[in-house]
Amino acid sequence: MIGVLDYGSGNAGAIATIYAAEGIEHRRVRNVEDLAETKALVVPGVGAFDDVMGKLESAGLISPLREYVEAERKPVLGICLGMQILFDRSEEGSKSGFGWIPGRVERIRAEHGDSIRVPHMGWNAVTPVRRSKLLEGLPEKLEFYFLHSYHAVCDSPDAVIAVTHYGNDLACAVQLENVFGVQFHPEKGHQPGERLLTNFARLECSDPG
Amino acid sequence: MLRPRLIPVLLLHEGELVKTTRFGDPKYVGDPVNAVRIFNEKQVDELVLLDIDATMIAGSPDFDLIAEVAEECRMPLCYGGGIRDVGTACSIVGLGVEKVAMSAAAIQDPSLVTRVAERVGRQSVVVVLDVKKDRASGRQEVWTHNGTAQTGWEVTDLASRLVEAGAGEVVINSIDRDGTRDGYDVELVRSVCEALDVPVTAVGGAGSLEDVRGLVEACGLVGAAAGSLFVFKGPRRAVLINYPNPEKKRGVLVIQPRE
């Protein structure tokens with residue numbers, strides 16, 4: 001059973017709709033009890049870093065999520081802000097992230113101090129740079145919808161599985177063992193998005209690839 | 001690289017989709033949920049849904065209808081109409097809407113933009129400015145309430161003000177061009193693009209994909225939104241929900257750089 005975290009941020013409904021259409025067993029996760037029933041978890045997130053971490057704190061989910069990811073080693077997929085909270089910290093806020101992927105989140109800036117429109121809003125090309133089961137079977141000409149003002153910078157390039165170009169090359173999909181993140185919105189990404197979410201649901205716990 | 005967005009704008013009037021001309025004369029187009037289903041199949045970039053009643057009648061948004069549309073909508077969705085307080089904005093985002101658009105309420109009180117952005121993030125806050133050119137001065141001025149109330153603000157001044165307040169995107173709606181299919185007011189849009197460093201979207205006047213291309217050539221990275229173009233077909237304005245396929249869309253939006 002795939003869990004879709006439903007804690008007041010991000011579009012859990014759109015993710016659930018896709019799993020329902022694909023016939024994938026899933027449930028909304030609102031508390032620790034719901035979490036225990038799942039074998040993998042999708043974490044949507046929209047808004048601001050501190051706000052999202054704050055909502056997880058209020059829902060009493062910080063420790064259970066640590067247990068889930070660090071001890072039980074279950075796969076987790078963070079989307080948008082959900083990806084940013086996988087890291088240590090963000091320029092945007094003062095709270096810490098989970099730190100599962102070493103790195104920090106910074107404001108989008110152009111190269112050489114050129115101006116660039118922020119937020120990064122719209123469809124941009126996504127280029128896989130490393131093999132990952134998350135990105136299997138996606139079309140060669142791949143684009144996804146982005147809607148964000150901050151982006152994650154991994155300490156190690158090995159964690160980056162796909163990039164997009166906006167001002168600079170930005171890591172837009174990351175993976176470290178059982179922890180996955182995408183900066184774009186697969187739940188609003190037509191067929192490639194559905195395929196990506198399905199790939200995640202079909203991961204075997206023991207072999208996240 | 002990020003490419004321009006091609007965005008259908010759907011107008012809601014008494015729970016149904018309509019299309020206006022110069023903000024008047026609404027013509028029935030169809031059922032909103034059905035239109036969304038058709039747009040899903042066409043892999044549309046993004047959809048804007050505006051409730052034209054909610055502004056005029058000072059009513060609240062039709063949450064049930066918004067929820068239905070959001071549930072059906074497989075692409076990013078922006079809703080506007082009757083959002084006058086933070087609670088309403090948050091509720092709408094909670095229904096599965098990516099962005100909320102405000103117009104008169106934001107113009108009257110820019111702190112509303114700030115307060116909404118604090119809750120949902122500025123990437124989800126859109127301000128829509130309806131613009132009419134003053135015949136005497138040539139000034140592009142912002143109007144509200146479906147083009148009936150003058151604000152006196154010049155468009156780039158007001159847009160800058162609202163971006164400073166927290167708006168993540170500005171939509172420029174040309175009242176003069178609305179429904180005419182005479183083409184975008186490219187000069188107007190370009191002046192706003194040059195003045196701001198947030199995404200800008202144009203609506204009003206698109207009659208063909210050539211108009212969209214012209215807008216992109218003049219303005220670069222811009223949102224090209226349209227109402228009539230995607231809901232009518234032919235000189236007699238027969239209702240037909242339409243949108244170019246991905247190949248054709250790329251051909252219009254992606255301008256190959258000159259060496």
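## Exercises on a predicted two-chain model

At 13% relative accessibility, B:V48 counts as buried. The model is predicted, and the exercises below work from its computed geometry.

### Exercise 1. The surroundings of B:V48

Task: establish in which element B:V48 is found and with which residues B:V48 is in contact, leaving aside neighbours within four places in sequence.

Solution.
1. Begin with the element: B:V48 belongs to strand 4 of chain B.
2. Next, apply the cut-off for burial, which is under 20% relative accessible area. B:V48, at 13%, therefore counts as buried.
3. Then list the contacts. Once neighbours within four places in sequence are set aside, B:V48 touches B:I7, B:P8, B:V9, B:L10 and B:C78.
4. Finally, consider a residue remote in sequence. B:G227 is 179 residues from B:V48 along the chain, and the two C-alpha atoms are separated by 9.6 Å.

### Exercise 2. A buried arginine without a salt bridge

Task: locate B:R74 and determine which side chain of opposite charge is nearest to B:R74.

Solution.
1. The position of B:R74 is the loop between helix 3 (63–72) and strand 5 (77–80) of chain B.
2. B:R74 is buried, and the nearest side chain of opposite charge is that of A:E194, 4.4 Å away.
3. A salt bridge requires a nitrogen of Lys or Arg within 4 Å of a carboxyl oxygen of Asp or Glu. B:R74 has no salt bridge.
4. Contacts are nevertheless present. Outside the four-place window in sequence, the contacts of B:R74 include A:A14, A:T17, A:I18, A:E187 and A:E194 in chain A, together with B:N40 in chain B.

### Exercise 3. Salt bridges and their exposure

Task: for three salt bridges, state the distance and the exposure of partners.

Solution.
1. Across all chains, the structure holds 30 salt bridges.
2. In chain A, the side chains of A:R131 and A:E136 form a salt bridge at 3.9 Å, N to O. A:R131 is exposed, with 75% relative accessibility, whereas A:E136 is partly exposed at 34%.
3. In chain B, B:R115 pairs with B:D109 at 3.1 Å, N to O. B:R115 is partly exposed at 36%, and B:D109 is partly exposed at 31%.
4. The third pair is B:E217 and B:R213, joined at 3.3 Å, N to O. Both residues lie in helix 9 (residues 209–219) of chain B, four residues apart, or about one turn of the helix. B:R213 is partly exposed, its relative accessible area being 26%.
5. Elsewhere, salt bridges with shared partners link A:E143, B:R3, B:D45, B:K249 and B:R250 into one network.

### Exercise 4. Backbone exceptions

Task: identify where A:R73, B:Q43 and A:P119 are found, and describe the backbone feature of each.

Solution.
1. Recall the background: most residues other than glycine have a negative phi, and most peptide bonds are trans.
2. A:R73 is not a glycine, yet its phi is positive, at about 55 degrees. A:R73 sits in the loop between helix 4 (62–71) and strand 4 (76–79) of chain A and is partly exposed at 40%.
3. B:Q43 also has a positive phi, near 55 degrees, in a residue other than glycine. The loop that holds B:Q43 runs between helix 1 (32–41) and strand 4 (47–51) of chain B; B:Q43 is partly exposed at 29%.
4. The peptide bond from A:V118 to A:P119 is cis, with omega near 5 degrees. A:P119 is in the loop between strand 6 (103–107) and strand 7 (120–125) of chain A.

### Exercise 5. The overall form of chain A

Task: decide how the radius of gyration of chain A stands against the globule rule, and describe the chain's composition and surface.

Solution.
1. The secondary structure of chain A comprises six helices and 13 strands.
2. Its radius of gyration is 16 Å, close to the 17 Å that the globule rule gives for 209 residues, so chain A is as compact as a globular protein of that length.
3. The C-alpha trace of chain A spans about 50 × 40 × 30 Å along its principal axes.
4. Of the 209 residues of chain A, 59% count as buried.
5. Among contacts in chain A between residues at least 6 apart in sequence, 72% join residues at least 24 apart.
6. The accessible surface of chain A is about 8,100 Å², and 46% of that area belongs to carbon and sulfur atoms.
7. Chain A carries 21 positive and 29 negative side chains, with the centres of the two sets 2 Å apart.

Technical notes. Residues are numbered from 1 along each chain as its sequence is written. Chains are lettered from A and ligands numbered from 1 in the order in which they are written. This is a predicted model: local features need pLDDT of at least 70, side-chain atom pairs count only at pLDDT 80 or more; totals for chains, interfaces and linings use all residues. Side-chain values use heavy atoms; hydrogens and water are left out. Buried means under 20% relative accessible area, exposed over 50%, partly exposed in between (1.4 Å probe, protein chains only). Helices (H or I, at least four residues) and strands (E, at least two) are DSSP runs, numbered from the N terminus. The radius of gyration is taken over C-alpha atoms; the globule rule is 2.2 Å times the number of residues to the power 0.38. Contact means heavy atoms within 4.5 Å. Accessible areas come from the Shrake-Rupley method with a 1.4 Å probe; for residues, only the protein chains shown count as cover. Lys and Arg count as positive and Asp and Glu as negative; His and the chain ends are not counted. The place of a charge is taken as NZ of Lys, CZ of Arg, CG of Asp or CD of Glu.
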